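Reader: I would like a close look at a single part of this model, with its surroundings worked through from the whole chain inward. Please pick one part and stay with it.

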Amino acid sequence: MNLRVSIVGMGRTGTQAARRLLEAEPDIALTLFDIEPDRCEDFRGSATLATSAREALEESDTIVLALPREREIDRTLERFSDGNVTAPVAGKLIVDLEPPAAERARRLD
């Protein structure tokens, strides 16, 4: 079974993660998304370029978030002020590459 991973956020951290994953696991099913689609172009042919964050979340069992602020995480996960998440992430592993502050980590849990 192929490893299916999506990376949301293709700034420096997300781009570096994508390169390392492709080097370590050439057969990986990698899906990428960034609100600036041009950031994903270097990976065309090596990864699926999603047209939305939701599509990237649906495609994989492991979700890697490389987003700079909690606001972007909330939008990506479709998380509301009551803590309810409506994005399709149930049962998936979510990895946040931007270490959260302690209070944010408690809220994300």
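Author: The protein chain has an accessible surface of about 6800 Å², and carbon and sulfur atoms hold 48% of that area. The model is a predicted one. Of the 109 residues in the chain, 37% count as buried. Among the contacts with a separation of 6 or more, 57% are between residues 24 or more positions apart. The chain contains four helices and five strands, and from the N terminus on the elements follow one another as β-α-β-β-α-β-α-β-α.

The part chosen here is strand β4, which covers residues 62-65. Its place is best read from the sheet. The five strands form an open sheet with parallel pairing, in the order β3-β2-β1-β4-β5. The edges are taken by β3 (48-49) and β5 (93-96), each of which pairs on one side only. In the strand order, β4 stands between β1 and β5.

Take the β5 side to begin with. β4 and β5 run parallel and are joined by four bridges. Thr62 has Leu93 as its bridge partner in β5, and Leu65 is partnered in β5 by Asp96. The connection between these two strands passes through a helix: β4, α3 and β5 make up a β-α-β unit that is right-handed.

On the other side, β4 pairs with β1, again in the parallel sense and over four bridges. Here Val64 of β4 stands opposite Ile7.

Next, the side chains of β4. In a regular strand, side chains alternate between the two faces of the sheet. In β4, Thr62 and Val64 point one way while Ile63 and Leu65 point the other way. All of these residues are buried.

Two helices that pack on the sheet complete the setting. Helix α3 (residues 70-77) packs on the sheet and touches β1, β4 and β5. The direction of α3 makes about 150° with that of β4. Glu70, whose number falls at the start of the α3 range, meets Arg79 in a salt bridge through their side chains, at 3.3 Å from N to O. Arg79 counts as buried because its relative accessible area is 13%, and the cut-off for buried is under 20%.

The residue just before the strand also has a link to β1. Asp61 and Arg4 meet through their side chains in a salt bridge, 2.9 Å from N to O. The pair joins distant parts of the chain: Asp61 sits in the loop between α2 (53-59) and β4, Arg4 in strand β1, and the two are 57 residues apart. Asp61 is partly exposed, at 35% relative accessibility, and Arg4 is also partly exposed, with a relative accessible area of 32%. Neither end is classed as buried, because both values lie between the limits of 20% and 50%.

Beyond β1, the sheet continues away from β4. β1 and β2 pair in the parallel sense over five bridges. The same Arg4 that meets Asp61 has Ala29 as its bridge partner in β2. The chain goes from β1 through α1 to β2, in a β-α-β crossover that is right-handed. β2 is mostly covered, with four of its five residues buried. β2 and β3 pair in the parallel sense over two bridges, where Thr31 stands opposite Thr48 in β3.

The contact between Asp61 and Arg4 belongs to a set of ten salt bridges in the structure. Another of them joins Arg39 to Asp34, with the closest N and O atoms 3.5 Å apart. Asp34, Glu36 and Arg39 are linked in a network of salt bridges. Asp34 counts as buried at 7% relative accessibility, whereas Arg39 is partly exposed at 38%.

To return to the strand itself: β4 is bridged to β1 and to β5, is touched by α3, and has its residues Thr62, Ile63, Val64 and Leu65 buried.

How values were computed:
Residues numbered from 1 in each chain as written. Predicted model: local features only at pLDDT ≥ 70, side-chain atom pairs only at ≥ 80, totals over all residues. Heavy atoms only, no water. Pairing = 2+ DSSP bridges. Contact = heavy atoms within 4.5 Å. Axes fitted to C-alpha atoms, helices over the stretch in contact; angles between N-to-C directions. Buried < 20%, exposed > 50% of the residue type's maximum accessible area, 1.4 Å probe, protein only. Right-handed = clockwise from strand over helix to strand, strands pointing away. Salt bridge = Lys/Arg side-chain N within 4 Å of Asp/Glu carboxyl O. Areas by Shrake-Rupley, 256 points an atom, 1.4 Å probe, with all protein chains shown as cover.
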